[in-house]
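Me: I would like to learn how to read a structure feature by feature, with the general idea given before the particular case. Could we go through it slowly?

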Amino acid sequence: MIDLHTHTLFSDGELLPSELVRRAEMIGYEAVALTDHADSSNVDWIVPRLVQVCRDLNAHWKVRALPGIELTHVPPAMIGPLAQKARALGALIVVVHGETPVEPVPPMTNRMAIEAGVDILAHPGVISAEEVVLARERNVALEISARKGHSLSNGHVARLGEEHGAELVLNTDSHSPEDLISREKALNVVLGAGLRPDFFEKMLQNSRRFLARLS
Ligand SMILES: [Zn+2]
Ligand SMILES: [Zn+2]
């Protein structure tokens, strides 16, 4: 499993980065990105700390840990500048908390995230076909989410993503140790989204390509 969206104590996750990464390694993960919730109040506080711990863990353990950020409920016009700031601070992956059906995420969040060229638009909810096409053109991956609530629109995202050739990735959005998933559970999420079983491998390849671009 490659999981490019998780949370630690640096936002509302339950685990210290070291424990999250250790647990991910123990259930067979190849790589895990730490992408805590941020806005302009805390991006400069979170990113350097995640950069530090990922550097330390990568020197000792086999699983690859990546420092990232999830820009969350920020005014859409601020997504681009905050994404740039996060990258300048060392974030290797910028996720945006998309327009999930279960929270009042500001309208235009999906659009501005795609236009800003972030890495992953997480749980994009009932995203439009036009935005899916734009995501493909801008190389922004759309997320199929294993998380309760956010996963309500997986079927829609999967269908439009496949139809328009946008890159899809499967992430857990883990906040607790039990949210990390095995391949078997991941496959269930894929089937539940209405995708063919082999699509799991395809999404894993998309995540692997993302990692390859970083090294
Ligand atoms: Zn989110
Ligand atoms: Zn999240």
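Reply: Let us begin with strand pairing, keeping in mind that this is a predicted model. Strand β5 (residues 120–122) is joined to strand β6 (residues 141–145) by two bridges, and the two strands run parallel. Within this pair, I120 stands opposite A141 in β6.

Me: In what order do the strands of the sheet follow one another, and how are they paired?

Reply: The sheet is open and built from seven strands in the order β1-β2-β3-β4-β5-β6-β7, with parallel pairing. The edges are taken by β1 and β7 (168–171), each of which has a single partner strand, so one side of each is left without a neighbour in the sheet.

Me: Which strand does β7 pair with, and over how many bridges?

Reply: Its partner is β6, and the two pair in the parallel sense over four bridges, with I144 standing opposite L170 in β7. To get from β6 to β7 the chain passes through helix α6 (residues 154–164), and this β-α-β crossover is right-handed.

Me: Which residues of β7 lie on each side, and are they buried or exposed?

Reply: The general idea is that in a regular strand the side chains alternate between the two faces of the sheet. In β7, L168 and L170 lie on one side and V169 and N171 on the other, and all of them are buried, so that both faces of the strand are covered.

Me: Let us turn to helices. How should I judge the span of helix α8?

Reply: Helix α8 (residues 199–214) has 16 residues, which at 1.5 Å a residue should span 22 Å, and the 23 Å between its end C-alpha atoms agrees with this. The buried residues of α8 are F199, F200, M203, L204, N206, S207, F210 and L211. Seen down the axis of α8, these buried residues fall within an arc of 150°, so they line one face of the helix. The background to this is that an α-helix has 3.6 residues a turn, so residues three or four places apart point the same way.

Me: Now the metals. Which residues coordinate the zinc ion (ligand 2)?

Reply: The zinc ion (ligand 2) is coordinated at 2.0 to 2.2 Å by H5 and H7, each through NE2, by E70 through OE and by D173 through OD. Along the chain these donors follow the spacing H-x1-H-x62-E-x102-D. For comparison, ideal angles at a metal are 109.5 degrees for four tetrahedral donors. Here the angles among the four donor atoms run from 85 to 171°, and the site is irregular. Two of the donor residues come from distant parts of the chain, since H7 lies in the loop between β1 (2–3) and α1 (17–26) and E70 in strand β3 (residues 64–71), 63 residues apart. Both H7 and E70 are buried.

Me: Which residues coordinate the zinc ion (ligand 1), and which residue bridges the two zinc ions?

Reply: The zinc ion (ligand 1) is coordinated by E70 (OE), H97 (ND1) and H123 (NE2), at 2.0 to 2.1 Å, and its donor residues are spaced E-x26-H-x25-H in sequence. The bridging residue is E70, and the two zinc ions lie 3.2 Å apart. Here too distant parts of the chain are linked, with E70 in strand β3 and H123 in the loop between β5 and α5 (129–137), 53 residues apart. The cut-off for buried is under 20% relative accessible area, so E70, at 0%, counts as buried, and H123, at 1%, is buried as well.

Me: Which phi value does H123 have, and where does H73 lie?

Reply: As a general guide, most residues other than glycine have a negative phi. Phi of H123 is nevertheless positive, near 25°, and phi of H73 is positive too, near 55°. H73 is found in the loop between β3 and α3 (79–89), where the residue is partly exposed, with a relative accessible area of 36%.

Me: As a last case, where does S182 lie, and is S182 buried or partly exposed?

Reply: S182 lies in the loop between β7 and α7 (183–192) and is partly exposed, with a relative accessible area of 31%. Between the C-alpha atoms of S182 and H60 the separation is 23 Å, the two residues being 122 residues apart along the chain.

Note on methods
Residues numbered from 1 in each chain as written. Chains lettered and ligands numbered in written order. Predicted model: local features only at pLDDT ≥ 70, side-chain atom pairs only at ≥ 80, totals over all residues. Heavy atoms only, no water. Expected span 1.5 Å × (residues − 1). Buried < 20%, exposed > 50% of the residue type's maximum accessible area, 1.4 Å probe, protein only. Arc of directions from axis to C-beta. Donors = N, O, S within 2.8 Å, 3.2 Å for Na, K, Ca; no water. Tetrahedral: all angles 85-135°; square planar, octahedral: opposite > 155°, others 65-115°. Pairing = 2+ DSSP bridges. Right-handed = clockwise from strand over helix to strand, strands pointing away.
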